Amino acid sequence: MAKYVEHCPDIFPQQERGVNVWWLPEEFSQSRLGDREIGSNACSLIAVLLSGRIDEFQLQIWGLMDQPLTRLLVTSIAEAIIEGNEIHETLIKSNLLPSLNLTVVEALRAVNHKYPFLVEWVDQTTLVMEPMGDTLADTLEKPFNAWTRSPPQNRKINSDLYGVLVGDDKTVVFVYQPQLAKITVIDGMLEFLVSCKCECGDKTFI
């Protein structure tokens, strides 16, 4: 039995200016879980697998200062890390990777057998060349508003929107949950989660 199942850590939020932040323990990371001793390049796979689990179990990411993250969410993170690393290593051994770092499309293709309902929203894929710190909010605002006002025809009722941002060999997941009116940012190395209220209209939402 894997160690993360035997001991699921209680992770409480810290709050700064209305934003909840959960810092994951050092041993609970992409490079440590599953008795690993080295890092991996499975960020995109882990991001897609975690999105699939959040959708499959309809996990709501919320947090009160006196309560830890739900055990199901923490376990889902651990399972996504373990499985993502395993899939990545299998692809390498089979010579099926053109590069060590998978694109989002490649990651979706690799897990399609398990999460066929996860599909790329092609019209909202964007390549940004400008500094991310200056353009991130504007880049994300367009698909966020489009999802809210003119969602895809095949969108499931009450489904969440998952944004996968890939940059500098690192992947970050944005989970927008309309029922909670919140956006959660999950670091691709699984070091932290950040959750905050979102606002529509002309206001910056993250």
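**Exercise 1.** Which backbone atom of isoleucine 61 lies 2.9 Å from a polar atom of the side chain of glutamine 177? Work it out in this predicted model, and then describe the surroundings of glutamine 177.

*Solution.* The atom is the backbone nitrogen of isoleucine 61, which lies 2.9 Å from a polar atom of the glutamine 177 side chain. Next, place glutamine 177 in the fold: it belongs to strand 4, which covers residues 170–177. Its relative accessibility is 3%, and because buried means under 20%, glutamine 177 counts as buried. The side chain of glutamine 177 also makes a polar contact, at 3.0 Å, with the side chain of aspartate 160. Beyond its neighbours within four places in sequence, the residues in contact with glutamine 177 include Ile54, Leu59 and Lys182.

**Exercise 2.** Trace which residues the salt bridges that share partners join into one network.

*Solution.* Begin with arginine 53, whose side chain meets that of glutamate 79 in a salt bridge of 3.4 Å, N to O. Glutamate 79 lies in helix 3 and arginine 53 in helix 2, so this pair ties together parts that are 26 residues apart in sequence. Arginine 53 is buried at 6% relative accessibility, whereas glutamate 79, at 27%, is partly exposed. Arginine 53 also forms a salt bridge with glutamate 83, with the closest N and O atoms 2.7 Å apart. Glutamate 83 in turn forms a salt bridge with lysine 114, where the closest N and O atoms are 2.9 Å apart. Salt bridges with shared partners therefore join Arg53, Glu79, Glu83 and Lys114 into one network.

Technical notes
Residues numbered from 1 in each chain as written. Predicted model: local features only at pLDDT ≥ 70, side-chain atom pairs only at ≥ 80, totals over all residues. Heavy atoms only, no water. Helix = DSSP H or I, 4+ residues; strand = E, 2+ residues; numbered from the N terminus. Buried < 20%, exposed > 50% of the residue type's maximum accessible area, 1.4 Å probe, protein only. Polar contact = N/O pair within 3.5 Å; in protein donor to acceptor, adjacent residues only side chain to side chain. Contact = heavy atoms within 4.5 Å. Salt bridge = Lys/Arg side-chain N within 4 Å of Asp/Glu carboxyl O.
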